Amino acid sequence: MWRKAAGAALLALAVGYFYHTNPELPEQVLQYLSLPHPSTQGDPTLEQVISTAWETLITAPASQWGRVAVGVNACVDVVVSGIGLLQALAVDPGMGRDHEVLHSKEDLKEAFIHYMERGTAAERFFTDKEVFQRIARAAAEYPGAQLYVGGNAALIGQKLATYPQLMVLLCGPVGPKLHEMLDEQIVVPPESLQETDEYHLILEYKAGEQWGATRAPQANRFIFSHDVSNGEMRALEMFVASLDEFQPDLVVLSGLHMMEGQGRQMWEQRLKEAVVAISDVRNAVPVHLELASMTDKDYMNSIMQEVMPIVTSIGLNEQELLFLSQAGTGPHAELASWGGIPDVGRVSDILLWVLEQHGRSDPESEADLTRIHFHTLAYHVLATVDGHWANQVAAVAAGARVASIQACGLQSIDASKVVLRAPLEFHSSHGEPREKLSLNPTEPVTVWHRGNVTFHLAPVLVCKQPLRTVGLGDAISAEGLVYSELRPQLPFL
């Protein structure tokens, strides 16, 4: 009894001290501190308060999608310990160095170390087919190697197929192994089937894992492949042609990043063809574009200028958002990297810039882009142009929840296995004027406005020991779309 009393007294003294030194301590934090402390009375932790609040916040939209078409990158992922595989290939640790394209095992090692020491995800094309096949065989034979459905389109399709009310069409290079692993609810047109599978190698590492002098600050993965079918987006035209018969309510497009490794001449031509194909779709149905890791600023800038204005929604992570700004000389382009948890104000600035420059924040704009779903380890932000989307509080919370559940490999959140890493206080912008904002654990979606763009931020309960990081971004975007509702006054309805 005396220990509980002493603990309560210390907590009261601490709160009194902080309030005296900082009278603007957020009311929401004071509300949480006023809750019975879990160590003294067994009441909810901060993580439990947030996960419980999500159950109330996450509600289905009034109008739901019925048919979703997804394309065009699909493959088989071979998931293996990155350090273990490189050691099996007789590669020694060394210095990290980024490579836009991989030509050798040495390039692979340097790029892997470069991203491992930052704890960030990346994906690269491996040019030498024979060397890649030897590495792939070694990966498949490595103890503990696992095969999964891979490719953004296939992963998004798999997640969408968990909702019985949705009919899902998947177009992409589907070989026999991938076809066997796909959910039975997914419709694959005969034209998508091919005799052999495309394999992508996923080199995972855990938080704190060390190789030589390199130590991973957080769990993540490095992906590489020699995948020409996906690299040239060969399924794109077939995908668009299949939409007439399937008649989707929503189109989800991914795989543009795969073309980067094919060289400028090829991607310039294919990007023009992609714009024509998407333009055929955009007037009939909304299009969501899922981005992925890229390194060529010219290519990213071309996507930003030519593709983003003709899609309705995009999904991306912190690395892709910053690179997008660097490619287009946008806000905070001078940053080399985020250097930890991305500052909310800076993220907000870049998201607003994208919607102003390449979206429909101006009602007179001819652009279609009205929604961006941003995700990073500690929090997610949904930015939408006012009047175009509904149910976004539920959508951003649903994306955050699925990140926690899938990373831990669970069916629901176990508060003892997750930790809150989102900032409790942040600002709506990095510059002035800006609004000081805070996280309320009992209503864990923070909303603010800048002009006619509304921002919704949800914290992520980060899995302490993630089982698998591949496909989290795809699951987040898919979940966010399921809970999103497009307002009917848009011209394509």
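**Note on the predicted model: a buried strand and its aromatic surroundings**

1. F374 and Y379 are both buried. The model in which they sit is a predicted one, and the remarks below should be read with that in mind. The two rings form an aromatic pair of the tilted kind, with 6.1 Å from centre to centre and 45° between the planes.

2. A second pair deserves to be set beside this one. W448 and F455 are stacked, their ring centres lying 5.3 Å apart and their planes at an angle of 5°. A pair of aromatic rings is described by the distance of the centres and the angle of the planes, and with planes under 30 degrees apart counting as stacked, the 5° of W448 and F455 places them in that class. Because residues under 20% relative accessible area are taken as buried, W448 qualifies at 1%, and F455 qualifies at 0%.

3. Both pairs lead to the strands around β16, and I would look at that region with some care. Strand β16 covers residues 379-385, and since 7 of its 7 residues are buried, it is largely enclosed by the rest of the structure. In a regular strand the side chains alternate between the two faces of the sheet. In β16, one side carries Y379, V381, A383 and V385, the other carries H380, L382 and T384, and every one of these residues is buried, with the result that both faces are covered.

4. On one edge, β16 is joined by 5 bridges to strand β15 (residues 371-375), and the two strands run antiparallel. β15 and β16 make up a hairpin, with 3 residues between them. Within this arrangement, F374 has V381 of β16 as its bridge partner, while the ring of F374 forms the tilted pair with Y379 described above.

5. β16 also pairs with strand β22, which spans residues 453-459; this pairing is antiparallel too and extends over 7 bridges. Here A383 has F455 of β22 as its bridge partner. F455 is therefore a residue to inspect in two respects, being a bridge partner of a β16 residue and having a relative accessible area of 0%, which makes it buried.

6. Turning to the aromatic residues elsewhere, the structure holds 11 aromatic pairs. Y115, F126, F132, F222 and F224 come together in one aromatic cluster. Two arginines also place their charged ends over rings: that of R67 sits over the ring of F246, at 4.5 Å from its centre, and that of R371 sits over the ring of W389, at 5.3 Å from its centre. Since β15 is made up of residues 371-375, R371 belongs to the strand that forms the hairpin with β16.

7. Two peptide bonds should be checked for their cis geometry. The bond from G71 to V72 is cis, with omega near 15°, and V72 has its place in the loop between β1 (67-71) and β2 (75-81). The other joins E432 to P433 and is also cis, with omega about -5°; P433 lies in the loop between β19 (425-427) and β20 (436-438).

8. Two residues other than glycine have a positive phi, and both are found in loops. For H332 the value is near 60°, and the residue is found in the loop between α14 (318-327) and α15 (344-358). For N391 the value is about 65°, and its loop lies between β17 (389-390) and α16 (392-408). Is each of these residues buried or partly exposed? H332 counts as buried because its relative accessibility is 12%, whereas N391, with a relative accessible area of 22%, is partly exposed.

9. For the chain as a whole, 17 helices and 24 strands are found. A compact globule of 493 residues would have a radius of gyration near 23 Å, and the chain agrees with this, having 23 Å. The C-alpha trace spans about 70 × 60 × 45 Å along its principal axes. Of the 493 residues, 58% count as buried, and the chain exposes about 20,900 Å², of which carbon and sulfur atoms supply 50%. Among the contacts with a separation of 6 or more, 72% come from residues 24 or more positions apart.

Definitions and conventions. Residues numbered from 1 in each chain as written. Predicted model: local features only at pLDDT ≥ 70, side-chain atom pairs only at ≥ 80, totals over all residues. Heavy atoms only, no water. Phe/Tyr/Trp six-rings, centres within 6.5 Å; stacked < 30°, edge-to-face > 60°. Buried < 20%, exposed > 50% of the residue type's maximum accessible area, 1.4 Å probe, protein only. Lys NZ or Arg CZ within 6 Å of the ring centre and 35° of its normal. Helix = DSSP H or I, 4+ residues; strand = E, 2+ residues; numbered from the N terminus. Rg over C-alpha atoms; globule rule 2.2 N^0.38 Å. Contact = heavy atoms within 4.5 Å. Areas by Shrake-Rupley, 256 points an atom, 1.4 Å probe, with all protein chains shown as cover. Pairing = 2+ DSSP bridges.
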